[in-house]
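Look at how the aromatic rings are arranged in this structure. Which of them pair, and how?

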Amino acid sequence: MPAVNFKLRWPDGQEMSGYSPSTIIYEHLCAGSSYALEDFIQRAENALNAASERVKDVKGFYCSSAMDTLSALRYHARRFESGQVQILDMQTAHAGQVNSGWSSF
């Protein structure tokens, strides 16, 4: 199952990386786009929950990595009352492929 590594920039300029176990995230977030903080969190929740469901459909269990990413996004978002979150990059990786230089939350 192809996965997606993504990099984002928070309103304070801090950059972070995340992981989705499914390309369904492309239906919710777009590289180069900026989203209001609340909109970003809603999109991330929808995308990562849907991605975890896809894993369950294929493997029979939910994806803990997707839920870890979502938890980290929610945690970091609490630092801000508002602002824009920019999606810097999104890269598809296939099963077993590791992208060096990426770090997770």
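Two rings of Phe, Tyr or Trp count as a pair if their centres lie within 6.5 Å, with the six-membered ring standing for Trp. The model is a predicted one. A search of the whole structure turns up 2 aromatic pairs.

Start with Trp 10 and Phe 40. Their ring centres lie 5.9 Å apart, the planes meet at 90°, and the pair is edge-to-face. This contact links distant parts of the chain, 30 residues apart. Trp 10 sits in the loop between β1 (3–9) and β2 (15–20). Phe 40 belongs to helix α1, residues 37–59.

Are these two rings buried or exposed? Trp 10 has a relative accessible area of 1%, so it is buried. Phe 40 is at 0%, so it is buried as well. The cut-off for buried is under 20%.

Now turn to Trp 10 and Phe 80. The centres are 5.9 Å apart and the planes lie at 20°, so this pair is stacked. The stacked label applies because planes under 30 degrees apart count as such. Again the pair links distant parts of the chain, here 70 residues apart. Phe 80 lies in the loop between α2 (64–77) and β4 (84–93). Its relative accessible area is 16%, so Phe 80 also counts as buried.

Put the pairs together. Trp 10, Phe 40 and Phe 80 are linked by ring pairs into a cluster.

How values were computed:
Residues are numbered from 1 along each chain as its sequence is written. This is a predicted model: local features need pLDDT of at least 70, side-chain atom pairs count only at pLDDT 80 or more; totals for chains, interfaces and linings use all residues. Side-chain values use heavy atoms; hydrogens and water are left out. Rings of Phe, Tyr and Trp (its six-membered ring) pair if their centres lie within 6.5 Å; planes under 30 degrees apart count as stacked, over 60 as edge-to-face and the rest as tilted. Helices (H or I, at least four residues) and strands (E, at least two) are DSSP runs, numbered from the N terminus. Buried means under 20% relative accessible area, exposed over 50%, partly exposed in between (1.4 Å probe, protein chains only).
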